[in-house]
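Got the viewer open? Here is a short walk through the model, one selection at a time.

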Amino acid sequence: MTQLPALIERAAPRDADSDAVPVVRIQKMIFAEAASLGASDIHIEPGRSGTRIRYRVNGLLQQTTDLPRWMHDNLAVRIKVLANLDVADRRAPHDGHISAETAGGDDYRVSTVPTRWGEKLVIRLLRRARAAMSLAELGFSQPVEEKLHAWIRRSQGILFVVGPTGSGKTTTLYALLNELRDEPLNIVTIEDPIEYEIDRITQIQVNEKSGLTFARVLRAILRQDPDVILVGEIRDADTARTAVHAAMTGHLVLSTLHSTDSICVMSRLTELGIERSMAAGVILGVIAQRLVRLNCKRCLEPDYPRSVYLDCLGISHQDQGRLRQSPGCPACHFTGTHGRTGLYELLDVKGRIRELCASGTEAELRRAAHEAGVVTLAEQAVELTLKGSISVRDAYRSGYFGGE
């Protein structure tokens, strides 16, 4: 932000309540800087002495500059006006949306919460280009891509994409829809919120306050002759039951679920009250995914992690000479990372796998998946680590390392 500090310095506190405060220019500069850095989120955090501006880039929060305390409310009001939020109510959380036409760039999702020193705002950048990404652009290998093509052309069943927040689940779902939207199908999505607009697809926004829940909308959609239904997230028992029913009655359902890996999906569905035999009968497959940060090649150096990480990852001490990390340099903005790559674990639910999903233990299911050739997230992370592409610490954060 080369111009922002100078702009802040020229704005005197006496101008705080006047039109002279260049808050519009400051807001535009913040948004532009976030876009140029490839940030996924903007954090505007008020504190005792000032407001901290941070961007999440490649999963890491980077601090850029501070705003004077007196300037915070003006900036918050400006962003809330753009997002059509109630500027007078500062004591309750708010969620809003800024369209690309209004902001002059990307779409943005705005969330505010009241804090001790004012409203904290977190703004998610919703790049429209991501909605048009293909499976190949997401980094899927050719065999995996072929499997996904086969799954999404089934007439019924459920395909789950699982992983933590920020792992790219929604982007993967949109890529799957992009493979189908030119076909003669009635495709409907239920989302909270609608992150990307897609032509020729019916998209429905959930509104919990008005009673428009995932489950209620899903039941209504089943009377709309759908072929493919995307449920943004299965988060409660009612939605889970309705989604399973839809998959059993001639519909292809795509959805996300918070699960550690592909094997843990059955446990999660059981927690939501779905009988294992019923779930096993409708699940086509599970994609578990993570995004891992790639080491910056400009500042790459040997890595000497703690033994506990090596033991957990199953890396022998003889291989330690192959490990690399990046401490940070001007080329990577001192983050030590340069972009991210995806790890994808596919569980094809058929044959012996389907039988164990219905009645086997998790340990038995893991062994059968291994025998079927499933490459786990952990194994993929270790492979990248031994190539020097990612650090041991990022590999450790990426996968499930539980035993049998």
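Start by selecting Ser391, in the loop that joins helix H15 (377-386) to helix H16 (392-398). Is Ser391 buried or exposed? Its relative accessibility is 8%, so Ser391 counts as buried, the cut-off for that label being under 20%. Show what surrounds this serine: leaving out neighbours within four places in sequence, Ser391 is in contact with Asn295, Asp303, Arg324, Gln325 and Thr385.

Before going further, colour by confidence, as this is a predicted model. The mean pLDDT of the protein is 89, with 91% of the residues at 70 or more. Strand S7 (residues 157-162) has the highest confidence, at a mean of 97, and helix H1 (residues 4-10) the lowest, at 61. Now pick residues 14-20: the pLDDT is below 50 there, and the stretch has five contacts in the model beyond near neighbours in sequence.

**The six-stranded sheet**

Next, bring up the open sheet whose six strands run in the order S3-S2-S1-S6-S5-S4, paired antiparallel. Which strands sit at the edges? Those are strand S3 (60-68) and strand S4 (94-98), each pairing on one side only. Look along the sheet for its twist: on average, neighbouring strands are turned by 20 degrees against each other, ignoring direction.

Zoom in on S4 and strand S5 (residues 107-115), an antiparallel pair held over five bridges. Pick His97, and you should find Arg109 of S5 standing opposite.

Now add the helices. Helix H2 (residues 23-37) packs on the sheet and touches strand S1 (41-46), strand S2 (50-57), S3, S4, S5 and strand S6 (118-126). The direction of H2 makes about 25 degrees with that of S2. Then add helix H3 (residues 72-82), which lies across S1, S2, S3, S4, S5 and S6 and runs at about 45 degrees to S6.

**Helix H13, end on**

Select helix H13 (residues 351-359) and highlight its buried residues Ile353, Leu356 and Cys357. Turn the view to look down the axis of H13: these buried residues fall within an arc of 105 degrees, so they line one face of the helix. On the other side of H13, Arg352 and Ser359 are exposed. What do the buried residues pack against? Show helix H10 (265-271), helix H11 (276-282), strand S15 (337-348) and helix H14 (362-371), and you have the partners.

**Aromatic pairs**

Last stop: the rings. The count of aromatic pairs comes to four. Take Tyr174 and Tyr196: the ring centres are 5.1 Å apart and the planes stand at 85 degrees, so this pair is edge-to-face, a label that needs planes over 60 degrees apart. Tyr174 belongs to helix H7 (residues 169-178), while Tyr196 is in the loop between strand S8 (187-191) and strand S9 (202-205), 22 residues apart. Both Tyr174 and Tyr196 are buried.

Now jump to Tyr309 and Tyr396, an edge-to-face pair with 5.1 Å from centre to centre and 75 degrees between the planes. Tyr309 is in helix H12 (residues 307-313) and Tyr396 in helix H16, so the pair ties together parts 87 residues apart in sequence. Check the surface here: Tyr309 is partly exposed, with a relative accessible area of 23%. Tyr396 also counts as partly exposed, at 36% relative accessibility.

Definitions and conventions
Residues are numbered from 1 along each chain as its sequence is written. This is a predicted model: local features need pLDDT of at least 70, side-chain atom pairs count only at pLDDT 80 or more; totals for chains, interfaces and linings use all residues. Side-chain values use heavy atoms; hydrogens and water are left out. pLDDT is the predictor's confidence in each residue, from 0 to 100. Helices (H or I, at least four residues) and strands (E, at least two) are DSSP runs, numbered from the N terminus. Contact means heavy atoms within 4.5 Å. Buried means under 20% relative accessible area, exposed over 50%, partly exposed in between (1.4 Å probe, protein chains only). The arc is that of the directions from the helix axis to the C-beta atoms. Two strands pair if DSSP finds at least two bridges between them. Axes are lines fitted to C-alpha atoms, for helices over the stretch in contact, and angles run from 0 to 180 degrees between N-to-C directions. Rings of Phe, Tyr and Trp (its six-membered ring) pair if their centres lie within 6.5 Å; planes under 30 degrees apart count as stacked, over 60 as edge-to-face and the rest as tilted.
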